[in-house]
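Reader: Hey, got a minute to go through this model with me? I'd like to start with the charged pairs and then look at the packing.

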Amino acid sequence: MKRDLTSAIDDKKKAELDAMQKQVTDAQYDVNELQAIVDSLSAKSSQFTLFLSQAQDSQNTALNNLTMGQDALASVSGVAKSTKLAVKQTEKATLTGNVVSVEMANMINKLVYTIEFVDKVAQQVSNQKASNPLISAQLVSFLTKANSDANAAFASALTALQSCYAADATLKEASKVTVLENIQAHTLKATMEHKAGDVPSSEVSDKWVISHQVDGLLPLLTKRYQASQTAYQVALSDNNAVTAELNTAQKQLATATTELASLQAGLAAATAAAYAA
């Protein structure tokens, strides 16, 4: 009878130990499963961190490109403004030069008439001097000098007129150059800031052909920067989500590991107590 009771007690302890062993086995399975999840999420987190870093680099590069594009456009705009002012100034100078040339030509025409008049008077006085002793030699000398001075003035006026014409030619050539520079500057400016669908201004070159479906440099750089910002936000959101998943899995693993250790300790104690009995 006593032996049967002892046997029954041993069977009960064995059943308890078996139940505890099953708990330990199940807990170990959970720990292994959670560890696999943590390892997978750790690898995923590293990859998404790399994606985030690459997105940040792309955004920085796009911003630098946009900044350089804006600086370049500002410089081109300054040149376009300067050349437009130069065009106005050269046009004004050319108009003034034309007026001076016309006035100089008119003055020469009047000077020719004056020279002819003085020359005729000098000749008449000189011819009458031989028959009219009342005409002084001083008057003849004066008229002769006046005629000589008039011819000298005429020569100087001709030289001045030639200088005016040369200046006009130079101004006209300068005007052509500044007009061309202005067109080129505004064409480059339009090329840089043109947006798809925009109609080119009248200041750009007639030979400049641009599709209204194509953006210029600056709008393109702006769109690329905006796209890089969106890509960075997506990468940041994805990285944060994976990090949150990893943190949750690590906490679950820590809890499961603690529970496993507790079950293992309980099983060890129960096994030792059973053998001691």
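Reader: Asp26 first: what relative accessibility does it have, and how does it count?
Author: This is a predicted model, and in it Asp26 has 37% relative accessibility, so it counts as partly exposed. The band for that label runs between 20% and 50%.

Reader: Which residue does Asp26 form a salt bridge with?
Author: With Lys22; the closest N and O atoms are 3.0 Å apart. Lys22 itself is exposed, because its relative accessible area is 53%.

Reader: How far around helix 1 are those two from each other?
Author: About one helical turn, because Asp26 and Lys22 are four residues apart in helix 1.

Reader: How many salt bridges does a search of the whole structure find?
Author: Two. Besides the Asp26 pair, Asp18 forms a salt bridge with Lys14, with 3.2 Å between the closest N and O atoms. Asp18 and Lys14 are also separated by about one helical turn, since they sit four residues apart in helix 1. Asp18 is partly exposed, at 42% relative accessibility.

Reader: Why can side chains like that pair at all?
Author: Opposite charges can pair when the charged atoms come close.

Reader: OK, zooming out. What's the secondary structure of the chain?
Author: Three helices and zero strands, so from the N terminus the elements read α-α-α. Helix 1 covers 2–129 and helix 3 covers 217–276, while helix 2 is residues 137–193.

Reader: And how much of the chain counts as buried?
Author: Of its 277 residues, 25%. The chain exposes about 18,500 Å², and carbon and sulfur atoms supply 59% of that area.

Reader: What share of the contacts is long-range, say 24 or more positions apart?
Author: Taking contacts with a separation of 6 or more, 78% are between residues 24 or more positions apart.

Reader: Let's do packing. Which residues touch the most other members in the largest nonpolar core?
Author: Val31, Val38, Leu253 and Leu260, out of 13 residues in that core. Helix 1 and helix 3 each supply at least two residues of the core, and helix 1 gives the most, with seven.

Reader: Which residues does Leu260 touch, skipping those up to four places away?
Author: Val24, Ala27, Gln28 and Val31. There is another core apart from this one, with nine residues, among them Met104, Leu111, Ile115 and Cys164.

Reader: Leu111 and Ile115, hmm. Where is Phe154, and what is it in contact with?
Author: Phe154 is in helix 2. Neighbours within four places aside, it is in contact with Ile108, Leu111, Val112 and Ile115. From Phe154 to Val112 the C-alpha atoms are separated by 7.3 Å, though the two are 42 residues apart along the chain.

Reader: Is Phe154 buried or partly exposed?
Author: Partly exposed, because its relative accessible area is 23% and buried means under 20%.

Reader: Got a buried one in helix 1 for me?
Author: Try Ala80, which is found in helix 1 and is buried, with a relative accessible area of 2%. Leaving aside neighbours within four places, Ala80 is in contact with Asn182, Ala185, His186 and Lys189. Ala80 and Gln184 are 104 residues apart in sequence, and their C-alpha atoms are 8.3 Å apart in space.

Reader: And what about a polar residue, like Ser45: how does it count at 11% relative accessibility?
Author: Ser45 counts as buried, and it lies in helix 1. Beyond its neighbours within four places, Ser45 is in contact with Asn239, Val242, Thr243 and Leu246.

Reader: Switching to helix 3: how does Ala268 score for exposure?
Author: Ala268, found in helix 3, is partly exposed, with a relative accessible area of 46%. Its C-alpha atom is separated by 9.7 Å from that of Met20, 248 residues apart along the chain.

Reader: Last thing, confidence. What's the mean pLDDT of the chain?
Author: 80, with 81% of the residues at 70 or more. Of the elements, helix 3 has the highest mean at 92, and helix 2 the lowest at 75.

Reader: Where does the pLDDT fall below 50?
Author: Over residues 1–6, and that stretch has zero contacts in the model beyond near neighbours in sequence. Predicted coordinates should not be read in detail where pLDDT is low.

Conventions: Residues are numbered from 1 along each chain as its sequence is written. Side-chain values use heavy atoms; hydrogens and water are left out. A nonpolar core is a set of buried Ala, Val, Leu, Ile, Met, Phe, Trp, Tyr and Cys residues joined through side-chain atoms within 4.5 Å. Buried means under 20% relative accessible area, exposed over 50%, partly exposed in between (1.4 Å probe, protein chains only). Contact means heavy atoms within 4.5 Å. Accessible areas come from the Shrake-Rupley method with a 1.4 Å probe; for residues, only the protein chains shown count as cover. A salt bridge is a side-chain nitrogen of Lys or Arg within 4 Å of a carboxyl oxygen of Asp or Glu. pLDDT is the predictor's confidence in each residue, from 0 to 100.
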